[in-house]
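The following exchange examines how certain descriptions of a structure are justified. Each answer sets a computed value against the criterion that applies to it.

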Amino acid sequence: MKKRPVGLTKRRALYGYIFILPFILGFIFFMLKPLFQSLSMSFSTISVGPSGFQSSWCGLENYKRAFLIDPEFNRMLFENVTQMIYRSIATIVFSFFVALILNQKFKGRAMVRSIFFLTVILSSGVLVGLEYNNTMMSQLKETIEASGNANSITAVLESILLSNTGGTTGPGDKLFTILFQIIDSIYDVAMASGIQIIIFLSGLQNISASMYEAAEMEGCTAWESLWKITVPMVSPLMLVCWVYTVVDFFMRTDSEIMEKIDNQLSVQLNFGFSSAMAWIYFIICMAIIGLSSALISKVVYNYD
């Protein structure tokens, strides 16, 4: 019998699986067993004795301790999830508009793209370790912050916009507070946007110029072309960037909740309690990714 030719969709899927095959094999051989061990530890009380680790089943006690007894975990979890939402949205918006700028034709475009790509290098493991773990770098950062002028433009603007209006605070004040928190953390947003800029830039370069030419001939303005052509065509990449941004934010080792999990594991030697908090953190992360992906996928424009 004659073999039927493989379609383009199946071929792309095959290439995709071949591309991620090293990760799949690495996960199966190096991460799958520790994953189940961590899950088992979260339902157990682990003690260290002369003969090594001794485990005794305790059921949901570690999870009850995290939610009902520990005075910090719920607060840290809520603050981390709230910060993730507005920080991830800011990262996506920043990355998209930077990619729009870098996609324009101007002199020195290659150099400017290289400068923005440095955020990927600066967010790699070595330099992040220098920034957060090096004593000299931390002291230098504290010195710069201490010597900075408190009467900056953003501080003055914040004091004006957040001025007391009758002694009550409303949704507008909370919105301004979140907005200024994003402005204050613009360094972190830029550091976390390197991969997203590259993804958006690759999507923008795949949009045919003839679509913009036809829209211009029909009388579309640049603003209308942005929302009628650019945004729908790159919307699938927005879903990819959102998932990547959420995962990248939850994996930050400098967050309070990650520091608490690490402290319970390495300092307090509460292996079961630490594993329970890590699994709660992981499940909430996956739930947010699943829910947000389901919502975003409904407005994504899929095309061949």
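Q: How many nonpolar, polar and charged residues does the lining of the largest pocket have?
A: In this predicted model, the lining of the largest pocket has 19 nonpolar, four polar and one charged residues. The lining comprises 24 residues, and Met31, Leu35, Met251, Ala278 and Phe282 lie nearest the centre of the pocket. Met, Leu, Ala and Phe count as nonpolar, so these five central residues belong to the nonpolar class.

Q: Which helices each supply at least two residues of the lining of the largest pocket?
A: Helix H1 (8-42), helix H12 (222-250), H13 and helix H14 (271-297) each do so. H14 provides the largest share, nine residues. The space in this pocket amounts to about 970 Å³.

Q: What makes the pairing of lysine 260 and aspartate 70 a salt bridge?
A: The criterion is a side-chain nitrogen of Lys or Arg within 4 Å of a carboxyl oxygen of Asp or Glu. For lysine 260 and aspartate 70, the N to O distance is 3.1 Å, so the pair qualifies as a salt bridge. Side chains of opposite charge can pair when their charged atoms come close.

Q: Where in the chain do lysine 260 and aspartate 70 lie?
A: Lysine 260 belongs to helix H13 (residues 256-266), whereas aspartate 70 sits in the loop between helix H2 (61-69) and helix H3 (73-102). The two are 190 residues apart, and their pairing links distant parts of the chain. Asp70 and Lys260 also join Glu72 in a network of salt bridges.

Q: Why are lysine 260 and aspartate 70 called buried?
A: A residue is buried when its relative accessible area is under 20%. Lysine 260 has 11% relative accessibility and aspartate 70 has 13%; both values are under 20%, so both residues count as buried.

Q: How do you know that arginine 75 forms a salt bridge with glutamate 79 and with glutamate 256?
A: The closest N and O atoms are 3.2 Å apart for glutamate 79 and arginine 75, and 3.7 Å apart for arginine 75 and glutamate 256. Both distances are within 4 Å, so each pair meets the criterion. A search of the whole structure finds four salt bridges.

Q: What sets the sequence positions of the partners of arginine 75 apart?
A: Glutamate 79 and arginine 75 both lie in helix H3, four residues apart, or about one turn of the helix. Glutamate 256 is in helix H13, 181 residues from arginine 75, and this pair links distant parts of the chain.

Q: Why is arginine 75 described as partly exposed, as are glutamate 79 and glutamate 256?
A: Partly exposed is the class between the buried limit of 20% and the exposed limit of 50%. Arginine 75 has 37% relative accessibility, glutamate 79 has 38% and glutamate 256 has 43%. These values lie between the two limits, so the description applies to each residue.

Q: What makes glutamine 264 buried, and which residues is it in contact with, leaving aside neighbours within four places in sequence?
A: Glutamine 264, in helix H13, has 9% relative accessibility, which is under 20%, so it counts as buried. Beyond those neighbours, glutamine 264 is in contact with Arg65, Leu269, Asn270, Phe273, Ser274 and Met277.

Q: What is the phi of leucine 269, and why is this residue called partly exposed?
A: Leucine 269 has a positive phi of about 60 degrees although it is not a glycine. This residue is found in the loop between H13 and H14. Its relative accessible area of 43% lies between 20% and 50%, so leucine 269 is partly exposed.

Q: Is arginine 113 buried or partly exposed?
A: Arginine 113, in helix H4 (residues 109-122), has a relative accessible area of 21%. Because buried requires a value under 20%, arginine 113 is instead partly exposed. Not counting residues up to four places away in sequence, arginine 113 touches Leu102, Asn103, Leu201 and Gln205.

Note on methods. Residues are numbered from 1 along each chain as its sequence is written. This is a predicted model: local features need pLDDT of at least 70, side-chain atom pairs count only at pLDDT 80 or more; totals for chains, interfaces and linings use all residues. Side-chain values use heavy atoms; hydrogens and water are left out. Buried means under 20% relative accessible area, exposed over 50%, partly exposed in between (1.4 Å probe, protein chains only). On a 1 Å grid over the protein atoms alone, a cavity is a set of points where a 1.4 Å probe fits but cannot get out, and a pocket is an open set with protein on both sides within 12 Å along at least five of seven lines; lining residues have an atom within 4 Å of a point. Grid points are joined across faces, edges and corners, and a volume is the space filled by probe spheres set on the points. Contact means heavy atoms within 4.5 Å.
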